[in-house]
Amino acid sequence: MAEKIKKPLALYVHIPFCVRKCDYCDFLSAPASEEAKESYVNLLCEEIESEAVRYPDYRAATVFFGGGTPTVLKPEQLKRILCKLSECFFSAQQDVGAEITLECNPGTVTREDLGKLREAGFNRLSIGLQSAQDEELKRLGRIHTWGDFLETFAFARENGFHNINVDLMSALPGQSIKSYVNTLERVTSLKPEHISAYSLIIEEGTPFYERYGEADRDRQRNGEDKQHLLPDEEEERRMYELTQEILEREGYSRYEISNYALSGRECRHNIVYWRRGEYLGFGSGAASLMENCRFVRDGKIEGYEKGLRRNLQQLSLSDRMEEFMFLGLRMTAGVSVQEFENCFQVPMEEIYGEVLEKLEKKGLLARQESRIFLTKQGIDVSNPVLAEFLL
């Protein structure tokens with residue numbers, strides 16, 4: 001008898017541990033003992049097994065291990081989690097070609113570790129470099145150097161990782177346009193398949209907020225040494241422009257506001273988020289969207305141990321329409337007018353006609369055939385543009 005075709009699902013696993021918390025980081029992560037890590041792995045495997053019973057009609061199409069720094073776990077622990085996911089959510093006839101990503105920080109894995117991870121089934125790495133300048137990395141509180149990154153990248157290639165993302169950040173303390181261009185050129189010379197490029201955001205509650213928050217602008221006005229300051233708005237804007245110019249020159253296509261890829265190497269897992277596909281998150285603080293219901297695991301380990309969910313929200317029709325627009329428009333391909341109508345049984349114009357007309361007149365939105373997408377000008381000011389689609 002032919003195996004029943006199951007619905008595709010994206011799986012996310014959160015590993016809330018790191019070697020040392022970076023000064024700018026407000027993610028759910030912290031150092032932990034070996035005993036705490038092992039206990040957490042056991043809890044994850046139990047959660048995966050119990051959740052699989054709820055969703056028997058789904059199969060995994062993508063898997064993403066994020067953090068924190070997942071590679072602070074031992075390869076054997078990561079393999080155990082992946083094996084449990086495979087056992088519960090992979091189909092023998094349908095899991096060929098699944099994208100399985102592991103976030104990794106330079107210096108947290110050896111050549112041998114990467115060999116074990118590749119053999120376990122991980123086929124995509126996302127390496128958190130941030131900058132190719134050691135002084136900038138030091139100011140960020142990163143534990144690695146550019147040399148550490150080069151070693152990790154080389155080990156990954158040696159062990160058969162042919163799909164690698166590199167995370168980069170701009171607008172860093174003491175960063176100049178020249179140093180940022182140097183970072184872009186160094187990284188593109190290695191030809192990773194994917195590059196994510198973000199601008200640093202100073203979040204409240206982090207050491208960086210105390211150091212570089214509102215007071216930083218005052219220091220700039222007072223003419224303090226730029227080596228210890230954030231780039232000004234003009235420099236930050238130029239870095240943003242140079243990201244696209246240099247990456248496209250080197251063969252990377254922008255397919256989402258902050259993401260660039262060589263042909264065919266777009267991150268399939270993240271595209272699920274932007275297209276409102278269904279995804280199931282495991283681990284402390286992990287978010288899920290299943291059958292138009294959104295929920296988040298408890299962010300505290302104590303709550304996670306008790307299996308608590310919080311912020312359980314059944315999405316209304318207007319919630320789903322909003323997400324369709326402001327998530328889909330993050331992608332350079334934009335959104336489909338026909339798909340909107342198929343999903344919601346109402347023409348897009350009936351809901352968003354006035355907004356679409358206003359943004360088109362301002363040159364922030366464009367149409368081509370049956371798709372609507374942000375123009376270059378619209379991408380440059382994407383946050384206020386996307387906010388227009390909140391009903």
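**How many salt bridges does the structure hold?** The structure holds 23 salt bridges. A salt bridge is a side-chain nitrogen of Lys or Arg within 4 Å of a carboxyl oxygen of Asp or Glu.

This is a predicted model: local features need pLDDT of at least 70, side-chain atom pairs count only at pLDDT 80 or more, and totals for chains, interfaces and linings use all residues. Residues are numbered from 1 along each chain as its sequence is written, and side-chain values use heavy atoms, with hydrogens and water left out.

**Exercise 1. Describe the salt bridges of helices H1 and H2.**

Step 1. Fix the terms. Helices (H or I, at least four residues) and strands (E, at least two) are DSSP runs, numbered from the N terminus. Buried means under 20% relative accessible area, exposed over 50%, and partly exposed in between (1.4 Å probe, protein chains only).

Step 2. Take H1 (residues 34–54). Lysine 37 and glutamate 34 meet in a salt bridge, 3.2 Å from N to O. Because they are three residues apart in H1, about one helical turn separates them. Lysine 37 is buried at 8% relative accessibility. Glutamate 34 is partly exposed, at 40%.

Step 3. Take H2 (residues 75–89). Glutamate 87 and lysine 84 lie three residues apart in this helix, about one turn. Their closest N and O atoms are 3.4 Å apart, in a salt bridge. Glutamate 87 is exposed, at 55%. Lysine 84 is buried, at 15%.

Step 4. Add the general rule. An α-helix has 3.6 residues a turn, so residues three or four places apart point the same way.

**Exercise 2. Place glutamate 322 and find its polar partner.**

Step 1. Glutamate 322 is found in helix H12 (residues 317–328).

Step 2. Glutamate 322 is buried yet has no salt bridge. Arginine 294, the nearest side chain of opposite charge, is 9.3 Å away. For charge, Lys and Arg count as positive and Asp and Glu as negative; His and the chain ends are not counted.

Step 3. The side chain of glutamate 322 reaches the backbone nitrogen of leucine 391 at 2.7 Å.

Step 4. Glutamate 322 touches Tyr352, Phe389, Leu390 and Leu391, leaving aside residues up to four places away in sequence. Contact here means heavy atoms within 4.5 Å.

**Exercise 3. Characterise helix H9 and its surroundings.**

Step 1. H9 (residues 233–249) has 17 residues. From first C-alpha to last, H9 reaches 24 Å, close to the 24 Å expected at 1.5 Å a residue. The expected span is 1.5 Å times one less than the number of residues.

Step 2. Buried residues of H9 include Met239, Leu242, Ile246 and Leu247. Among the elements covering the buried residues are strand S5 (164–170), helix H6 (177–188) and strand S6 (194–199).

Step 3. Look inside S6. Isoleucine 195 is found in this strand. Isoleucine 195 is buried, with a relative accessible area of 0%. Its contacts, not counting residues up to four places away in sequence, include Leu247, Val187 and Val166.

Step 4. Check what follows H9. Just after the helix, glycine 251 takes a positive phi of about 100°.

**Exercise 4. Count the disulfides and check cysteine 88.**

Step 1. Apply the cut-off: a disulfide is a pair of cysteine sulfur atoms within 2.5 Å. By this rule the count comes to zero.

Step 2. Cysteine 88 is in no disulfide; the nearest cysteine sulfur, that of cysteine 45, is 8.9 Å away.

Step 3. Cysteine 88 is partly exposed, at 22% relative accessible area. Cysteine 104 is buried, at 1%.

Notes. Polar contact = N/O pair within 3.5 Å; in protein donor to acceptor, adjacent residues only side chain to side chain.
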